[in-house]
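Biologist: I am new to this structure and would love a close look at a single part. Could you pick one and take me through it slowly?

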Amino acid sequence: MAIRNYNEVDILYTLMSFVNVSSVQDMYYTIAQTILSHLDKIPDISINDLADLCYTSPATISRFCKDLNCKNFVTFKKEIAVALEQSKNEVHLSTKDEEECIKNPDYLVDKMYNEATESLQMVQKSINMHEIDKICEMIYTAKSVQMIGYQFNKIISNDFQMKMLKHRKMVYAFVERGDEIGHLDMINKDTLVMIISVRARAQLMDALLRKISEHHPKIILLTMNKEYHHHLIDYIYCIDGTESNYTESSLQGTMNFLSLLNLIYVRYGLLYRK
């Protein structure tokens, strides 16, 4: 799959984030869990009917949608509809590959691991250690580091956060979509904001950068999109690699960035350990 076609910000993933991190007593947990349990009904449901399903008010449903960074309930339903349409074709191997997988299940094992290995080798060849050292220096000198990622990149950001803590460097990693906007008060001119985005889609990135730049931090973008540039970004680090052309969700891209952050973590430890 071409990187530019990868749907990086998936409303279904965001809803699962609410379920994973919220208390069961939290009304937002109840709303997210109810929506996920009735997904096929959501594109056509009214706000009043959904409120009844969740044992809450339409006003609370409206606030929930806005906290998901959706303009309103109608916008939220459209995002659900798009996500459901995409999920109909989540895995779409070619006819030849599908036939081979049926005849020999190990064909899929070889295909996926060979592609993963090839992609990581491309990342390896594209690594420039001078640039890695520059990123480490920017992390070290920043008084505060904030990480923003989407979907699986949130998880690897949390993993990087824990590893960097062992280097005595506090890194904040936002958990839910909208957190990066809701926690802008934590960002200032002494902050380094690290954005991880496989695709770096202009519509998403431009809006995020405008909001963040109001607080004048330094901004690093880690991406696989060599075509994206923005004057508000202080440093762009682009890695090579491939992405699956038979799944709607990222496969190789997530491993590529996990390997990159692991490299930064180890290099940082070598350069700045006490």
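Modeller: One term is needed from the start: a residue is buried under 20% relative accessible area, exposed over 50%, and partly exposed in between (1.4 Å probe, protein chains only). The model is predicted, with local features needing pLDDT of at least 70, side-chain atom pairs pLDDT 80 or more, and totals for chains, interfaces and linings using all residues. Numbering starts from 1 along each chain as its sequence is written, and side-chain values use heavy atoms, without hydrogens and water.

Let us look at the sheet and the loops that go with it. Helices (H or I, at least four residues) and strands (E, at least two) are DSSP runs numbered from the N terminus, and two strands pair if DSSP finds at least two bridges between them. The sheet is open and has 5 strands, and reading across it gives the order E2-E1-E3-E4-E5, with parallel pairing. Strand E2 (171-173) and strand E5 (235-238) are at the edges with a single partner strand each, so one side of each has no neighbour in the sheet. Neighbouring strands are turned against each other by 20° on average, direction ignored. For that and other angles, axes are lines fitted to C-alpha atoms (for helices, over the stretch in contact), and angles run from 0 to 180 degrees between N-to-C directions.

One pair is worth following on screen. Strand E1, residues 144-149, is joined to strand E3, residues 191-197, by 6 bridges in the parallel sense. If you select Ser144, you will find that its bridge partner in E3 is Thr191.

Next come the helices that touch the sheet, where contact means heavy atoms within 4.5 Å. Helix H11, residues 202-213, packs on the sheet and touches E1, E3 and strand E4 (218-223), with its direction at about 170° to that of E3. Helix H12, residues 252-272, lies across E1, E3, E4 and E5, and runs at about 130° to E4.

Now trace the loop between E3 and H11. Ala200 is found in this loop, and its phi is near 50°, a positive value in a residue other than glycine. That is worth a second look, as most residues other than glycine have a negative phi. Is Ala200 buried or exposed? At 1% relative accessibility, Ala200 counts as buried. Arg201 lies in the loop between E3 and H11 too, and with a relative accessible area of 24%, Arg201 is partly exposed. To place Arg201 against another part of the model, go to Ser17, which is among the buried residues of helix H1 (residues 11-21). Arg201 and Ser17 are 184 residues apart in sequence, and their C-alpha atoms are 21 Å apart in space.

Another loop, between helix H9 (152-165) and E2, holds Arg168. The phi of Arg168 is near 65°, again a positive value in a residue other than glycine. Unlike buried Ala200, Arg168 is exposed, with a relative accessible area of 67%.

Charged pairs complete the tour. A salt bridge here is a side-chain nitrogen of Lys or Arg within 4 Å of a carboxyl oxygen of Asp or Glu. Which parts does the pair of Asp240 and Lys226 tie together? The closest N and O atoms of Asp240 and Lys226 are 2.6 Å apart, and the two form a salt bridge. Asp240 is in the loop between E5 and H12 while Lys226 is in the loop between E4 and E5, so the salt bridge ties parts that are 14 residues apart in sequence. Asp240 is partly exposed, at 25% relative accessible area, whereas Lys226 is exposed, at 54%.

A second salt bridge connects the side chains of Lys189 and Asp190, with 3.6 Å from N to O. Lys189 is exposed at 60% relative accessibility, while Asp190 has a relative accessible area of 29% and is partly exposed.

For context, the count of salt bridges by this rule comes to 8. One of the others joins the side chains of Lys88 and Glu85, 3.3 Å from N to O. In that pair Lys88 is exposed, with a relative accessible area of 66%, and Glu85 is partly exposed, at 49%. Asp97, Lys111 and Glu115 go a step further and are linked in a network of salt bridges.
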